[in-house]
Amino acid sequence: MQVGIDEIGFYTPNKYVDMVDLANARNEDPNKYLEGIGQSQMSVADQTQDAVSMGINATLGYLDHVDLNQVGLLILGTESGVDQSKSGSLFIKSALKLPAAVRTFEIKEACFGVTAGLMLARDYVRLHPHHSAIVIGSDIARYGLNSGGEVTQGAGSISLLIKAEPRILAINNGHSAYSADINDFWRPNNSATALVDGKYSKAVYLDFFERTFADYQRIKKWSPAQFEAIVYHLPFTKMGFKANNLAMAGQPAEVEHHLANNFTASAWFNRQVGNIYTASLYLSLLSLLEKADLAPGATIGLFSYGSGAMGEFYSGQLVSGYQQKLRPIADEQMLMRRQKLSIPQYETIFNEALKQPIDNVELASDEAAGYWYFAGTKNEVRQYHQK
Ligand code: HMG
């Protein structure tokens with residue numbers, strides 16, 4: 001029995017900043033952001049979008065196709081949690097009207113959270129083949145105005161349906177994992193923005209990639225030629241570009257050619273959304289599937305990285321007919337519908353979103369009809385409404 005990804009839902013908030021505007025406002029050469037970092041735009045969440053509302057909205061993209069009574073597991077991977085105790089997944093479960101029998105919780109290891117959830121879900125479905133699992137990654141990357149990391153912010157969510165006999169990507173047996181207790185990026189409890197040792201984090205990311213990729217090839221007795229494409233956790237697209245260069249080094253021209261072209265396709269959405277932490281790898285997978293032309297059966301490698309740090313490499317095979325399970329027009333419209341913010345507008349929204357909401361004051365959202373949003377707290381209880 002094969003187990004893997006049967007549906008992919010995507011949501012990003014309805015506002016963005018253009019990187020040329022940001023570079024001009026910060027007295028940087030725009031080419032540093034566009035080429036050196038590899039980002040063109042970044043999505044911005046106002047105070048009415050959080051990890052919960054974005055996770056609901058991403059799942060709504062495919063919920064009509066799901067037999068809700070078969071969903072046995074719901075996992076939220078996030079590092080933008082809305083409560084220190086209660087799992088954000090309970091708000092999501094309630095909004096999606098999932099059965100009470102669902103097992104649900106939140107999981108955290110920086111950007112690795114969704115991969116951890118996906119591996120648990122795969123093992124769960126192997127034992128319960130008639131059940132499915134929903135695994136959501138949902139995050140807002142905030143480093144702070146005028147900070148070195150500002151250009152690598154973003155906001156959004158990816159939701160995955162994990163099932164037996166999946167119709168998009170069957171996950172192959174075997175993986176390579178590597179962990180170490182290091183301090184490249186973290187967010188203490190008293191801080192709404194992340195702390196980061198930027199240059200060190202880039203070096204560690206590449207080190208973890210080299211280790212897990214080499215180990216995976218050893219375990220599977222494969223070479224880079226086995227992969228039609230490799231997708232990466234993309235905190236910014238240049239980071240994955242560098243890792244992909246390591247994967248291609250010394251390979252025949254035709255291997256280099258398809259790995260390089262497919263990397264460009266896999267970075268398309270991320271270049272415009274920015275870092276969405278847990279969901280970034282899976283946004284890159286969606287981008288690859290919708291922007292590249294891959295044959296069924298193609299092997300895709302996936303490199304997951306979460307600061308702190310945890311790395312894992314695994315792979316999957318594209319399932320015949322996978323294109324029919326994608327929604328390329330809707331996903332493109334998700335980007336196109338966003339309103340461009342001026343830098344002063346972005347700065348105001350950024351500062352507002354850092355504040356605690358005033359209890360018993362309802363928040364209004366400018367999202368389109370049908371989307372969910374955070375409507376403030378009532379007697380300190382978070383409220384989620386649908387427009
Ligand atoms: P910085 O110091 O402003 O930039 O911060 P830089 O000086 O490193 O320059 C960036 C690149 O632009 C360089 O290229 C420059 O040469 C180039 P590289 O050497 O890397 O190839 N450049 C130019 N290119 C064209 N025209 C120009 C020009 N000027 C310079 N005129 C940094 C960059 C990424 C460090 C910063 O934004 C940051 O700290 N970001 C946050 C940390 C991060 O994203 N780390 C990535 C690895 S860790 C990770 O992925 C985990 C994470 O997602 C969290 C989680 O797991 O939860 C972050």
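This passage describes helix packing, the surroundings of the ligand and two backbone features in a predicted model.

Two packed helices are conveniently described by the angle between their axes and the distance between those axes. A good place to start is helix α3, which spans residues 51–60, and helix α4, which spans residues 88–96. The axes of α3 and α4 come within 9 Å and cross at roughly 40°. An angle that is neither under 35 degrees nor in the range 65 to 115 nor over 145 counts as oblique, and α3 and α4 are therefore oblique to each other. Their crossing is right-handed. On the α3 side, the contact is made by Val 52, Gly 55, Ile 56, Thr 59 and Leu 60, while α4 supplies Gly 88, Phe 91, Ile 92, Ala 95 and Leu 96. By residue class, the contact of α3 with α4 holds seven nonpolar and three polar residues, with no charged ones.

Helix α8 takes part in two of the packings described here, and its partner α7 comes next. Helix α7 covers residues 237–248 and packs with α8 at an angle of about 170°, the axes being 10 Å apart. Since angles over 145 degrees count as roughly antiparallel, this is the description that applies to α7 and α8. From α7, Thr 237, Gly 240, Phe 241, Asn 244 and Met 248 meet Glu 256, Leu 259, Ala 260 and Phe 263 of α8. Five nonpolar, three polar and one charged residue make up the contact of α7 with α8.

The other partner of α8 (residues 253–266) is helix α10 (residues 280–291), and here the axes come within 7 Å and cross at roughly 110°. That angle makes α8 roughly perpendicular to α10, and the crossing is right-handed. Asn 262, Ala 265 and Ser 266 represent α8 in the contact, facing Ser 284, Ser 287, Leu 288 and Lys 291 of α10. These residues divide into two nonpolar, four polar and one charged.

Turning to the ligand, 31 residues surround it, and the closest are Lys 32, Glu 79, Cys 111, Gly 148 and Ser 201. Several side chains also place polar atoms by oxygen atoms of the ligand. For Lys 199, an N or O atom of the side chain is 2.8 Å from a ligand oxygen. A polar side-chain atom of Lys 238 lies 3.1 Å from an oxygen atom of the ligand. In the case of Asn 275, the distance from a side-chain N or O atom to a ligand oxygen is 3.1 Å.

Two details of the backbone complete the picture. The peptide bond from Gly 308 to Ala 309 is cis, with omega near 10°. Ala 309 sits in the loop between strand β13 (299–306) and strand β14 (310–318). Further along the chain, Asn 360 has a positive phi of about 65°, although this residue is not a glycine. Asn 360 belongs to the loop between α12 (343–354) and β16 (372–378).

Methods: Residues numbered from 1 in each chain as written. Predicted model: local features only at pLDDT ≥ 70, side-chain atom pairs only at ≥ 80, totals over all residues. Heavy atoms only, no water. Axes fitted to C-alpha atoms, helices over the stretch in contact; angles between N-to-C directions. Helix = DSSP H or I, 4+ residues; strand = E, 2+ residues; numbered from the N terminus. Left-handed = near helix turned anticlockwise from the far one by under 90°. Contact = heavy atoms within 4.5 Å. Nonpolar A, V, L, I, M, F, W, Y, C, P; charged D, E, K, R; others polar. Near = heavy atom within 4 Å. Polar contact = N/O pair within 3.5 Å; in protein donor to acceptor, adjacent residues only side chain to side chain.
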